[in-house]
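Dear colleague,

I am handing over the structure below, and I would be glad if you could look through it with my notes beside you. The notes follow directly after it.

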Amino acid sequence: NRSSDLRRWFRIKGDVLFYYKTPTDSAEQGYIPLAGSELVRLPIDPKTPERHMFEIAAGERKVLAHHHESFLLYADTNEEMESWIGVLNRIIREPRGGGMFGRSIGLTLREEAKHVGKGLIPVVMEKTILFLRERGLNEVGLFRLPGNQVRVTALRESFDKGENPTLIASEDNHTVASLLKLYLRQLPEPLIPYEYYDMFLGAARVLEKDESKGVQQVTKQFKFIPKANFDLLKFLCRFLNEIQQHSDVNKMTLGNLATVFGPNILSPQKSDPHSLMESTNLMAHLTKSMISKHDVVFPPTEDEGSFLRDSPVDAASFVPRKDKAAQQSRTLGPRSTIQDVLSLSDGRTAFGGDFRARKASAPSSTGGSFIGEEDERRGSSEPPSGSLSEADVVSNLEAERERAQMLEKEIGRLEGELERERRARRVWEERYAQEVSHREDAERHSNDLRKQLDAFCASLDKAS
């Protein structure tokens with residue numbers, strides 16, 4: 001009932017959203033339990049275009065609170081609404097192993113350990129990097145050109161729901177790269193947290209003057225940042241070094257990679273334009289050094305385990321494994337395909353269906369590993385075969401059908417935008433023609449006035 005819409009102030013306590021009449025009230029007017037709920041974005045009402053609305057629906061519950069099946073909320077801007085949805089979704093999905101986008105790396109790893117096995121980097125980074133290492137190293141403009149935003153959003157939603165989606169072989173490299181960048185961009189802090197910004201900026205100044213001393217200084221500073229951040233940064237820089245080694249084909253040089261990933265690695269929490277201009281070159285130089293000299297900046301350690309939950313593609317290029325016998329007993333070879341990797345890590349073939357085929361119960365078939373140790377849940381099951389069952393074929397067809405539908409929707413959206421642009425262009429052309437016509441009329445009027453003035457001046461001369 002829009003006539004009764006009132007502005008309320010909200011506070012989150014645990015998994016409950018309380019609302020108040022004023023910001024200073026201590027007694028809440030009501031509450032909305034978030035556990036088991038679902039968020040639904042609503043289309044903008046033409047009558048109230050300034051309202052960006054979403055609904056908190058009962059979901060698994062029959063009712064939420066106060067006998068309501070749903071609550072309708074709206075924000076003043078789309079950015080504010082998306083910010084709220086992101087925060088609420090992390091709370092709703094966290095018990096199911098989801099909500100990783102926008103959550104700290106350490107918390108994500110702790111939650112994933114309960115559902116998909118222990119690892120040193122988040123699942124979304126593991127899967128996207130493995131995919132791109134196998135398929136995208138020679139992709140021109142990787143990380144510079146955008147992917148399919150509809151697909152990126154769908155994959156993000158699937159990861160956020162804890163579904164642990166499979167990246168199918170036909171996935172677009174730019175889409176997977178966009179998903180990786182989106183995860184890093186939405187972290188609460190850069191990989192080097194804000195509180196260590198000044199320390200690393202000082203090390204970057206030393207690096208600019210003396211490379212050898214600067215690298216030593218940077219390596220020392222890494223002892224202070226959280227281990228989860230350090231592990232992900234180490235893994236990322238080694239991967240980016242592989243990207244730049246193919247720059248003659250993919251055109252992604254060290255400078256290009258530093259431009260793309262630098263702000264996600266090191267940036268100030270607050271800065272004025274002058275100090276930001278002064279530090280930009282230092283941050284770029286530091287990022288390039290961490291990528292090109294990753295083996296010096298991130299030296300391998302004897303006690304570190306595999307970054308990945310299962311045997312990775314060419315794991316030796318990332319990190320040494322202590323259990324050589326376990327490594328050799330793996331069914332994956334040193335250059336196994338990404339389908340093999342994803343088959344082992346997901347407990348299903350990479351062609352077994354689209355991203356929505358992963359259910360909440362799927363983690364029970366996912367192995368976790370430390371330094372080559374097999375997860376007990378995997379037992380002695382045989383690796384998935386390369387053949388496809390009838391159910392897999394049907395699932396593949398459904399995935400392709402949905403992909404075609406998404407492409408059709410995207411084409412429709414782009415055609416709509418193109419038509420709006422055409423209409424806007426026609427309006428501007430009409431306005432331009434009107435302006436030209438007005439200018440010509442003004443010039444004619446000015447000429448007439450000038451002639452009249454000349455005639456008047458001539459008549460004055462005669463009269464005198």
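A contact, as the word is used here, means heavy atoms within 4.5 Å. In that sense, and leaving out residues up to four places away in sequence, Leu184 touches Met125, Leu191, Leu232, Leu236, Phe261 and Asn264. Please keep in mind throughout that this is a predicted model.

On confidence, the mean pLDDT of the chain is 75, and 72% of its residues reach 70 or more. The stretch to read with care is residues 310-387, where the pLDDT is below 50, although this stretch still has 153 contacts in the model beyond near neighbours in sequence.

Taken as a whole, the chain has 464 residues, of which 45% count as buried, and its secondary structure comes to 15 helices and six strands. Among the contacts with a separation of 6 or more, 65% are between residues 24 or more positions apart.

The nonpolar cores

Leu184, with which I began, belongs to the largest nonpolar core, which has 63 residues and in which Met125, Phe143, Leu184, Phe222 and Phe261 touch the most other members. Helix α8, spanning residues 227-245, gives the most to this core, contributing ten residues. There is also a second core, separate from that one, made up of 15 residues that include Leu34, Leu39, Met81 and Ile92. As general background, nonpolar side chains in soluble globular proteins tend to be buried together.

Which of the core residues also has an unusual backbone angle to check, a positive phi in a residue other than glycine? The residue is Phe143, whose phi is near 75°, and which is found in the loop between α3 (123-135) and α4 (149-160). Phe143 counts as buried because its relative accessible area is 1%, where the cut-off is under 20%. Lys251 likewise has a positive phi, of about 65°, although it is not a glycine, and its place is in the loop between α9 (247-250) and α10 (254-265).

The two sheets

The strands β1, β2 and β3 form an open sheet in the order β1-β2-β3, with antiparallel pairing. Its edge strands, each pairing on one side only, are β1 (9-13) and β3 (30-33), and the twist averages 25° from one strand to the next. Within this sheet, β1 and β2 (residues 16-20) pair in the antiparallel sense over five bridges, with Trp9 standing opposite Tyr20 and Phe10 standing opposite Tyr19. The hairpin formed by β1 and β2 has two residues between the strands, and in this hairpin Gly14 takes a positive phi near 65°.

The strands β4, β5 and β6 form another open sheet of three strands, in the order β4-β5-β6, and here too the pairing is antiparallel. The edge strands are β4 (38-41) and β6 (70-75), each of which pairs on one side only, and the twist from one strand to the next averages 25°. Between β4 and β5 (residues 52-57) there are four bridges, in the antiparallel sense, and the bridge partner of Glu38 in β5 is Ala57.

A buried threonine and the cysteines

Is Thr108, in helix α2 (residues 105-115), buried or exposed? Thr108 counts as buried, because its relative accessibility is 0% and the cut-off is under 20%. Leaving aside neighbours within four places in sequence, Thr108 is in contact with Met100, Arg103, Pro122 and Tyr183.

How many disulfides does a search of the whole structure find? The search finds zero. For two of the cysteines I can also give the accessibility: Cys237 is buried, at 0% relative accessibility, whereas Cys457 is partly exposed, at 35%.

If you have time for a few places only, I would suggest opening the loop that holds Phe143, the hairpin of β1 and β2 that contains Gly14, and the surroundings of Thr108 with Met100, Arg103, Pro122 and Tyr183, while treating residues 310-387 with caution, as their pLDDT is below 50.

With best wishes

Technical notes:
Residues are numbered from 1 along each chain as its sequence is written. This is a predicted model: local features need pLDDT of at least 70, side-chain atom pairs count only at pLDDT 80 or more; totals for chains, interfaces and linings use all residues. Side-chain values use heavy atoms; hydrogens and water are left out. A nonpolar core is a set of buried Ala, Val, Leu, Ile, Met, Phe, Trp, Tyr and Cys residues joined through side-chain atoms within 4.5 Å. Buried means under 20% relative accessible area, exposed over 50%, partly exposed in between (1.4 Å probe, protein chains only). Two strands pair if DSSP finds at least two bridges between them. Axes are lines fitted to C-alpha atoms, for helices over the stretch in contact, and angles run from 0 to 180 degrees between N-to-C directions. pLDDT is the predictor's confidence in each residue, from 0 to 100. A disulfide is a pair of cysteine sulfur atoms within 2.5 Å.
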